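Here is a small set of exercises to work through with the sequence and the 3D view side by side. Try each task yourself before you read its solution.

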Amino acid sequence: MKKQYLLFILMSVLVSGCTNVASDITRNIEQIPPPPLEPSALFSTASEFFAKAGYQCRIDDEYPILGCTKELRDLYVHQTTGVVEIFPGDEKEADYILVTERWDEGLIPGEFISGRFSNVDVERFCDYLREEGLAVCRASS
C-alpha cells in the first residue's frame, strides 16, 4: 500500500504543471513634437524591430494593439515566452503604453523561477525610438 501511495504522489508531481508570469516595468511612449506618431507608423516600426529580434508580431484589427511573442526557452518540461504589447494610452498620461512580460509554463515550480524580469529587446526598442527622434519611453509611475 505504501508503494502505491508513493507512486501516486510522484506521478501527481510529474503530471501537474505550473504557470508563472513576471513583468518588466511598464513604459509610456511619448511622442516627440512636432509630427504626431500615428498608431500604424508606430506599430509598423515596432513590428519590424521585434521581428528582427525573433518575435512573431500581430496587429489586432479590431483594437489598435500590437502583440509580439518570442520563445525564450523551450524545454520538454518547461517553456518560457516573452510577450510585448503596445496599445494607445489615455491622452493625459501617455500616447502609447508598452508592456512586456515573461510567461513560464511547465513543471518547474514558481518558487524556483525569478519573479524579476527585464526585457533587453524592449530597452533596445526604446533606444531606437529615441535615436530616430520618433518618441521617448518613460517608466510608468
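Among contacts (heavy atoms within 4.5 Å) in the protein chain between residues at least 6 apart in sequence, 60% join residues at least 24 apart. The model is predicted, and local features need pLDDT of at least 70, side-chain atom pairs count only at pLDDT 80 or more, while totals for chains, interfaces and linings use all residues. Residues are numbered from 1 along each chain as its sequence is written, and side-chain values use heavy atoms, with hydrogens and water left out.

**Exercise 1. Confidence and layout**

Find out which element of the protein chain has the lowest mean pLDDT and which the highest, then write down the order of helices and strands.

Step 1. The score to look at is pLDDT, the predictor's confidence in each residue, from 0 to 100. The chain averages a pLDDT of 80, and 79% of the residues score at least 70.

Step 2. Now go element by element. Helices (H or I, at least four residues) and strands (E, at least two) are DSSP runs, numbered from the N terminus. Helix H1 (residues 2–15) has the lowest mean pLDDT, 53, and H3 has the highest, 94.

Step 3. Count the elements: the protein chain has 3 helices and 7 strands. Along the sequence they follow the pattern α-β-β-α-β-β-β-β-α-β.

**Exercise 2. Pairing strands**

In which sense do E4 and E5 run, and how many bridges join them? Do the matching task for E5 and E6.

Step 1. Two strands pair if DSSP finds at least two bridges between them. E4 and E5 run antiparallel and are joined by 8 bridges.

Step 2. Look at how the chain gets from E4 to E5: a hairpin joins them through 3 residues. Across this pair, threonine 69 stands opposite valine 83 in E5.

Step 3. Move on to E6. E5 and E6 also pair in the antiparallel sense, over 11 bridges. Here glutamate 85 has valine 99 in E6 as its bridge partner.

**Exercise 3. Two disulfides**

Locate the 2 disulfides and give the handedness of the link between cysteine 57 and cysteine 68 and of the link between cysteine 126 and cysteine 137.

Step 1. A disulfide is a pair of cysteine sulfur atoms within 2.5 Å. Cysteine 57 and cysteine 68 qualify, with 2.1 Å from S to S. This pair links distant parts of the chain, with cysteine 57 in strand E3 (residues 56–60) and cysteine 68 in strand E4, 11 residues apart.

Step 2. Check the angle: 110 degrees about the S-S bond makes the link of cysteine 57 and cysteine 68 right-handed.

Step 3. Compare accessible areas. Buried means under 20% relative accessible area, exposed over 50%, and partly exposed in between (1.4 Å probe, protein chains only). Cysteine 57 is partly exposed because its relative accessible area is 26%, whereas cysteine 68 is buried, at 1%.

Step 4. Cysteine 126 and cysteine 137 form a disulfide with their sulfur atoms 2.2 Å apart. This pair connects helix H3, home of cysteine 126, to strand E7, home of cysteine 137. With -85 degrees about the S-S bond, the link is left-handed. Both cysteine 126 and cysteine 137 are buried.

**Exercise 4. Aromatic rings and the core**

Classify the ring pairs that phenylalanine 50 forms with tyrosine 55 and with phenylalanine 125, then look at the core around them.

Step 1. Rings of Phe, Tyr and Trp (its six-membered ring) pair if their centres lie within 6.5 Å; planes under 30 degrees apart count as stacked, over 60 as edge-to-face and the rest as tilted. The whole structure has 6 aromatic pairs.

Step 2. Phenylalanine 50 and tyrosine 55 are 5.3 Å apart centre to centre, with 75 degrees between the planes, an edge-to-face pair.

Step 3. Phenylalanine 50 and phenylalanine 125 are tilted, at 5.1 Å and 45 degrees. These two lie in helix H2 and helix H3, 75 residues apart.

Step 4. Phe49, Phe50, Tyr55, Phe125 and Tyr128 form one aromatic cluster.

Step 5. A nonpolar core is a set of buried Ala, Val, Leu, Ile, Met, Phe, Trp, Tyr and Cys residues joined through side-chain atoms within 4.5 Å. The largest one has 19 residues, and Ile29, Leu42, Phe50, Ile86, Leu98 and Phe125 touch the most other members.
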